[in-house]
Amino acid sequence: MPRRRDPDVAIRASDLSLLRSSRGGVDVRVVDGVSFVLPHASTLAIMGPTGAGKSSLATILSGSEEPGLAVVGGDAWVEGIPVRRPGRSVRELTYYTGFLAQSAGAKLPARMTVAEVIGEPITSRDRRVNQRALAVRVATLLDELMLPLGAAAKYPYELSAGMRQRVAFARTLVLEPRLFIADEPFANMDVEVRRAARDAILRRRDHGMATLIVTNEKEVVRDLHADVLVLRAGHTVAYGRGTEDLLWTPSSGADHRLVTS
Ligand SMILES: Nc1ncnc2c1ncn2[C@@H]1O[C@H](COP(=O)(O)OP(=O)(O)OP(=O)(O)O)[C@@H](O)[C@H]1O
């Protein structure tokens, strides 16, 4: 069990640098010297142009293994666990952290029913789980995300893209994570459904869940009362509260337009 530094902090990133190596042998520093603190019960939006390193940062913080992506400088502690060398604590890290990867709805396991997909983070950890209790939990999540209860018995290919994204969203929340990391989670959702998904986040935040969200939508930042970290080419160019009160660096005109457009 790792030592719990910072019990009130979900993520502490300190001078974190990430490298991507490709098969062609080209190494790119996709995140360079990024520092921030995300306390529990709060939200941080990672913004920035395409290729800025947002998804790479979210992936590493979630404890997910991605070939070729590694921490090469600094570190980040997620629930007190260092992502650079989590060792056996990686299991604990992924238990505490719900990770909704980019386009997660398009990558659901094809041979599982929706109920199995949503329940899988539980059943993969405990095969003797009480099936009735699990069914209730799945039904509650379906309802919370405005999916029909009948969707539970369907397969992902039988659903629309928007419904699949909500199934992925529900799966990420099924373990009631302490930290929710979501990469463009509202993709393919219409206004009403977005509101339901946003409310699902806010309800859990009231119970202490921290959220790190990759988005370039100013409305999302406002609705979630998020702090903002803007990346460009792996560097922090702005870090502050909301999009109105960022600490802009002199070179950040383009990024300012990005988040105020
Ligand atoms: N699977 C991959 N293999 C090789 N390079 C990658 C891969 N994924 C991302 N990259 C590269 O890593 C850098 C950072 O990409 P990343 O996806 O983290 O940025 P991003 O800010 O999330 O961009 P986007 O908004 O387009 O998703 C970019 O130069 C990108 O081309």
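What follows is a chat between a student and a tutor about the predicted model above.

Student: Before we dig in, what kind of model is this?

Tutor: It's a predicted model, where local features need pLDDT of at least 70, side-chain atom pairs count only at pLDDT 80 or more, and totals for chains, interfaces and linings use all residues. Residues are numbered from 1 along each chain as its sequence is written.

Student: OK, and what pLDDT does the protein average?

Tutor: The average is 90, and 90% of the residues score at least 70. pLDDT is the predictor's confidence in each residue, from 0 to 100. For the complex, the predictor gives an ipTM of 0.94 and a pTM of 0.91.

Student: How many helices and strands are there?

Tutor: Eight helices and eleven strands. Here helices (H or I, at least four residues) and strands (E, at least two) are DSSP runs, numbered from the N terminus. The radius of gyration is 18 Å, close to the 18 Å that the globule rule gives for 261 residues, so the protein is as compact as a globular protein of that length. That radius is taken over C-alpha atoms, and the globule rule is 2.2 Å times the number of residues to the power 0.38. Along the principal axes, the C-alpha trace spans about 55 × 40 × 40 Å.

Student: What share of the residues count as buried?

Tutor: 41% of the 261 residues. Buried means that 20 or more other C-beta atoms lie within 10 Å of the residue's own, exposed means 12 or fewer, and partly exposed is in between, with C-beta atoms placed from the backbone.

Student: Now the ligand. Which residues surround it?

Tutor: Arg20, Ser22, Val28, Val30, Gly48, Thr50, Gly51, Ala52, Gly53, Lys54, Ser55 and Ser56. A residue counts as near if its C-beta atom, placed from the backbone, lies within 6 Å of the molecule. The elements giving two or more residues to that shell are β2 (27-39) and α1 (54-62).

Student: Which one gives the largest share?

Tutor: α1, with three residues.

Student: And how do the shell residues divide into nonpolar, polar and charged?

Tutor: Three are nonpolar, seven polar and two charged. In that scheme Ala, Val, Leu, Ile, Met, Phe, Trp, Tyr, Cys and Pro count as nonpolar, Asp, Glu, Lys and Arg as charged, and the others, Gly among them, as polar.

Student: Back to α1: is the helix mostly covered or uncovered?

Tutor: Mostly covered, with seven of its nine residues buried. Those are Lys54, Ser56, Leu57, Ala58, Ile60, Leu61 and Ser62. Right after α1 comes Gly63, with a positive phi near 85 degrees.

Student: What about the loop after that helix, where does Pro67 sit?

Tutor: Pro67 is in the loop between α1 and β4 (69-78). With 9 C-beta neighbours inside 10 Å, Pro67 counts as exposed. Its C-alpha is 8.5 Å from that of Ser21, and the two are 46 residues apart along the chain.

Student: Switching to strands. Why is β7 called largely enclosed?

Tutor: Five of the five residues of β7 (residues 179-183) are buried, so the strand is largely enclosed by the rest of the structure. Leu179, Ile181 and Asp183 are on one side, Phe180 and Ala182 on the other.

Student: Which strands does β7 pair with?

Tutor: Strand β6 (residues 97-100) runs parallel to β7 and is joined to it by four bridges. Strand β8 (residues 210-214) is also parallel to β7, joined by five bridges. Two strands pair if DSSP finds at least two bridges between them. Ala182 is the bridge partner of Leu100, and in β8 the partner of Ala182 is Ile213.

Student: Any antiparallel pairs? Which strand pairs with β9?

Tutor: β9 (residues 227-232) pairs with β10 (residues 235-241) in the antiparallel sense, over six bridges. Arg232 stands opposite His235.

Student: What's Ala233 doing in that hairpin?

Tutor: The hairpin has two residues between the strands, and Ala233 takes a positive phi near 50 degrees. Most residues other than glycine have a negative phi. Ala233 is partly exposed, with 15 other C-beta atoms within 10 Å. From C-alpha to C-alpha, Ala233 and Gly53 are 6.7 Å apart in space but 180 residues apart in sequence. Gly53 is one of the residues around the ligand.
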